[in-house]
Amino acid sequence: MKNRREYDSALAAEYALGPLRGLARMRFERRVRRDPRLAADVASWQSLFTQLDNRLAPLAPPERVWKRLVLELPPINVRHINRHRWLYAGWAIAACLAAVLIIPRLLVEPPSAIPVAVLSNSQQSSQWVVSLEKSTRHLTLTPLNPIEVSHNNSLELWRIPDGKKPQSLGLLNASGPTQLQLAENQLDGHSLLAISLEPHGGSPTGQPTGSVLFSGPIQNL
């Protein structure tokens with residue numbers, strides 16, 4: 001069972017990635033405002049997740065999209081802007097103070113692991129965050145929305161290189177973070193990671209035998 005610290009870290013990751021919504025997101029935001037440590041966790045996850053976009057090339061939308069956006073925007077109310085100028089200034093000051101409190105902590109305690117993949121199911125309703133500690137070759141997988149797995153089954157992680165057979169990286173804890181030790185050069189940026197549902201104890205054949213529940217490309221290596 002996850003301890004409170006692991007649970008909060010998973011919530012911070014879910015909040016930063018986006019799946020945490022509705023009342024749960026509002027309650028978590030109230031906690032973040034009261035807890036500097038939790039705020040630092042969220043800032044750390046947000047910083048890490050932005051690295052996953054480094055390889056995406058920007059795509060300019062067609063001109064017709066811009067025109068449609070302009071037509072659908074409400075008219076600007078100058079009086080409304082003037083009335084709330086000080087409110088916006090207050091939010092800016094609060095944001096600066098938050099940065100003063102959070103950024104030094106991240107500089108003193110920089111995250112040692114980098115995210116290398118986000119594995120999603122076909123409905124995009126559940127994800128696993130995969131991070132790598134390069135110095136120790138530890139791969140950590142954290143489920144953001146843990147799924148129920150029967151006692152007769154296990155979740156197994158696979159690396160799928162381009163044009164080659166899947167290679168098992170180990171079994172996963174379905175309800176909490178799992179840390180796996182990797183061999184040298186066991187990961188590269190031209191592979192997929194996938195999680196399959198296997199018989200208890202893992203695949204008996206050395207290859208996936210059950211359904212692939214989560215998958216995603218390796219990035220940021």
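**Exercise 1. A pair within one helix**

Task: Determine where Arg-25 and Glu-29 lie in this predicted model, and how many residues apart they are.

Solution. Step 1: Helix H2 holds both Arg-25 and Glu-29. Step 2: The two are four residues apart, about one turn of the helix. Step 3: Arg-25 forms a salt bridge with Glu-29, and the closest N and O atoms of the pair are 3.7 Å apart. Step 4: The cut-off for a salt bridge is a distance within 4 Å between a side-chain nitrogen of Lys or Arg and a carboxyl oxygen of Asp or Glu. Step 5: Arg-25 has a relative accessibility of 25% and therefore counts as partly exposed. Glu-29, at 25% relative accessibility, is likewise partly exposed.

**Exercise 2. A pair between two helices**

Task: State how many salt bridges the structure holds, and identify the residue with which Asp-8 forms one.

Solution. Step 1: The structure holds two salt bridges. Step 2: Asp-8 is paired with Arg-31 in a salt bridge whose closest N and O atoms are 3.0 Å apart. Step 3: Asp-8 belongs to helix H1 (residues 4-17) and Arg-31 to helix H2, so this pair ties together parts that are 23 residues apart in sequence. Step 4: With 8% relative accessibility, Asp-8 counts as buried.

**Exercise 3. Two patches on the surface**

Task: Name the residues that form a patch of positive charge and those that make a nonpolar surface patch; then classify one member of each by accessibility.

Solution. Step 1: The patch of positive charge on the surface gathers Arg-27, Arg-30, Arg-33 and Arg-34. Step 2: One of these residues, Arg-33, has its place in helix H2, which spans residues 22-34. Step 3: The cut-off for exposed is over 50% relative accessible area; Arg-33, at 65%, therefore counts as exposed. Step 4: The nonpolar patch consists of Val-65, Trp-66 and Leu-69 and covers about 280 Å². Step 5: Trp-66 is part of helix H4 (residues 63-72). Step 6: The relative accessibility of Trp-66 is 47%, so this residue is classed as partly exposed.

**Exercise 4. The order of elements**

Task: Give the number of helices and strands in the protein chain, and describe how the elements run from the N terminus on.

Solution. Step 1: The protein chain contains six helices and eight strands. Step 2: From the N terminus on, the order reads α-α-α-α-α-α-β-β-β-β-β-β-β-β. Step 3: Of the 221 residues in the protein chain, 33% are buried. Step 4: When contacts between residues at least 6 apart in sequence are considered, 61% join residues at least 24 apart. Step 5: The area exposed by the protein chain is about 14,300 Å², of which carbon and sulfur atoms supply 58%.

**Exercise 5. A residue with a positive phi**

Task: Locate Arg-137, and state what is particular about its phi.

Solution. Step 1: Arg-137 is placed in the loop between strand S2 (127-133) and S3. Step 2: The phi of Arg-137 is positive, about 60°, although the residue is not a glycine. Step 3: In general, most residues other than glycine have a negative phi. Step 4: Arg-137 has a relative accessible area of 17% and is therefore buried.

**Exercise 6. Buried residues and their contacts**

Task: For Thr-142, Leu-155 and Ser-44, decide whether each is buried or exposed, and describe the surroundings of each.

Solution. Step 1: The cut-off for buried is under 20% relative accessible area. Thr-142, at 10%, is therefore buried. Step 2: Thr-142 occurs in strand S3 (residues 138-143). Beyond its neighbours within four places in sequence, Thr-142 is in contact with Ala-10, Gln-127, Trp-128, Val-129 and Pro-177.

Step 3: Leu-155 has a relative accessibility of 1% and so counts as buried. Step 4: Leu-155 lies in strand S4 (residues 153-161). Residues up to four places away in sequence not counted, its contacts include Trp-128, Ile-147, Leu-171, Ile-195 and Leu-213. Step 5: Leu-155 and Leu-171 are 16 residues apart in sequence, while their C-alpha atoms are 5.7 Å apart in space.

Step 6: Ser-44, with 16% relative accessibility, also counts as buried. Step 7: Ser-44 is found in helix H3, residues 36-50. Step 8: From Ser-44 to Ala-16 the separation is 28 residues in sequence and 9.1 Å in space, C-alpha to C-alpha.

Key
Residues numbered from 1 in each chain as written. Predicted model: local features only at pLDDT ≥ 70, side-chain atom pairs only at ≥ 80, totals over all residues. Heavy atoms only, no water. Buried < 20%, exposed > 50% of the residue type's maximum accessible area, 1.4 Å probe, protein only. Contact = heavy atoms within 4.5 Å. Patch = residues over 30% accessible without salt bridge, like charges linked within 9 Å, V, L, I, M, F, W, Y side chains within 5 Å. Areas by Shrake-Rupley, 256 points an atom, 1.4 Å probe, with all protein chains shown as cover. Lys, Arg positive; Asp, Glu negative; His and termini not counted. Charge placed at Lys NZ, Arg CZ, Asp CG, Glu CD.
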